[in-house]
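Colleague: Please walk me through this model with a few questions and answers. I would like the reasoning along with each answer.

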Amino acid sequence: MSALENQLSDRANALKPSAIRAMAKQAGMPGVVSFAAGAPSASQFPFEALRGATDAILSDPLRRAEALQYGASEGYLPLREFVADQLGSPEWPISPDDVLITSGSQQALEFVGKTFINEGDRVIACSPTYVGALQAFGLFEPEFVAIPLNDSGLDLAALEAELKAGAKFFYVMPDHGNPNGTMLTLAQRKAILSLARQYEIPIIEDQAYDQLQLSGERLPTLLELDRASDAAAPIVSYLGTFSKSLTPGLRVGWIITAQPIIAKLVSIKQASDLNSGMLNQMIVNDVARDIMVSHGTKLRAFYKGQRDAMLNALKAHMPDTVSWTKPKGGMFVWLTLPAGMDAGALLQTAFEQERVIFVPGASFHSDGSGVNTLRLSYSLPSTQQIADGIAGLARVIRSLSAG
Ligand SMILES: Cc1ncc(COP(=O)(O)O)c(C=O)c1O
């Protein structure tokens, strides 16, 4: 081991590369159909609007000086106002002072970890859950507590038992969550909020896919239910992002929370990167105000076509021993293999024989369970590749089942 490696902290030594990033090499190989990447489709980025906004900002003597300067750690005020207006309502307005702009919502997740978690603290998350949240919170060495989540929703009895036992917070994605695309019912949302209030455990609501509802009725977020209630102080912190609705390239996300928490987050932001890039925030602000509504409609039509192509292909090709979720939004289908089949081994064979890759489900479980599950993303491949790739994957599953 080198002198540098000898000096690593226990925290750094415990870090493992993400299973998803580890697959980036295979994903880039010719002829490979990747259902692995969670990235949005570049075909949908609003290139012209982004170029126009960038040109306009950099051509304006006052705005360009602001864009290329350091900025407030809280974020660019017009963007905080936009976010507050979008997510608040006339009956329960959200103040821009409740909003902190972050470098993607991933940074907000890390900041939440830094703000709340001491080593050994209990953190409740769904199982499966977003692997990036496990990574971000994991840096602060909590004890993760897993609540089962499947197509029919969350195990509320298990949630209540764990909230009762105490925890720093409950992390949840109520809409089209990553990885299994679940959408919680209104009754479940209300129950979660009322349990959180009863046991005084904050909720961290991650709404990365809020603009990607593809079918069904929209339901109020936990933030909305919380703010619309007559409770004295908010218990929900809300994480949002422009990564899936515009582009992840500018790295602009946000957190909405109570102002005393914003004050802590501002200090953490200062220590981390002072502020998110002003030019990026200004571009996002201008483009979002201009095209968010029309672009959202276009985006949803695209992802609906992708999702339907995948659901149709699964229905046409998969054996009866395999089941999968039918997401109302987002980018992911979650597949359950026959009991005893290992998705890691399947990945190896699917790559070698059919040039198809996906993410094995175990990495989305804090307790290493879910060995016979996997995540399929319908974001990047063409509809033809989706049809061919799913047919290939089904062939491998059938042959492994027979063997
Ligand atoms: C559920 C969820 N939260 C947060 C993020 C982080 O996104 P970003 O940092 O680009 O805003 C992602 C990215 O895939 C995600 O799926």
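Colleague: Let's start with helix H8 (131–138). Which residues of H8 are buried?

Modeller: A word on the ground rules: this is a predicted model, where local features need pLDDT of at least 70 and side-chain atom pairs count only at pLDDT 80 or more, while totals for chains, interfaces and linings use all residues. Residues are numbered from 1 along each chain as its sequence is written, and side-chain values use heavy atoms, with hydrogens and water left out. H8 is mostly covered, with 6 of its 8 residues buried (under 20% relative accessible area, against over 50% for exposed and partly exposed in between, with a 1.4 Å probe and protein chains only). The buried ones are Val131, Gly132, Ala133, Leu134, Ala136 and Phe137.

Colleague: What covers the buried residues of H8?

Modeller: Helices (H or I, at least four residues) and strands (E, at least two) are DSSP runs numbered from the N terminus, and contact means heavy atoms within 4.5 Å. By those rules, the cover of the buried residues in H8 includes helix H7 (104–116), S3, strand S4 (143–150) and S6.

Colleague: Which peptide bond is cis in the loop before H8, and what is its omega?

Modeller: Most peptide bonds are trans. The loop between strand S3 (122–127) and H8 holds Pro128. The cis bond runs from Ser127 to Pro128, with omega near 10°.

Colleague: Asn178 and Pro179 are also joined by a cis bond. Where is Pro179?

Modeller: Omega for that bond is about 20°. As for its place, Pro179 is in the loop between strand S6 (169–172) and helix H10 (186–199).

Colleague: Is Glu200, with its positive phi, buried or exposed?

Modeller: Glu200 is not a glycine, yet its phi is about 55°. The residue sits in the loop between H10 and strand S7 (203–206). With a relative accessible area of 66%, Glu200 is exposed.

Colleague: And what is the relative accessible area of Arg355?

Modeller: Arg355 is a residue other than glycine with phi near 55°, found in the loop between helix H14 (343–354) and strand S12 (356–357). Arg355 counts as partly exposed, at 32%.

Colleague: Which helix gives the most to the largest nonpolar core?

Modeller: A nonpolar core is a set of buried Ala, Val, Leu, Ile, Met, Phe, Trp, Tyr and Cys residues joined through side-chain atoms within 4.5 Å. The largest has 54 residues, and Phe242 and Trp254 are among those with the most contacts inside it. With 9 residues, the top contributor is helix H13 (residues 278–317).

Colleague: How do H13 and helix H15 (residues 383–402) run relative to each other?

Modeller: Their axes come within 9 Å and cross at roughly 30°; axes are lines fitted to C-alpha atoms, for helices over the stretch in contact, with angles from 0 to 180 degrees between N-to-C directions. Angles under 35 degrees count as roughly parallel, over 145 as roughly antiparallel, 65 to 115 as roughly perpendicular and the rest as oblique. H13 and H15 are therefore roughly parallel.

Colleague: Which residues of H15 make the contact with H13?

Modeller: From H13 come Gly305, Gln306, Ala309, Met310, Ala313, Leu314 and His317. Facing them from H15 are Thr383, Ile386, Ala387, Ile390, Ala391, Ala394 and Arg398.
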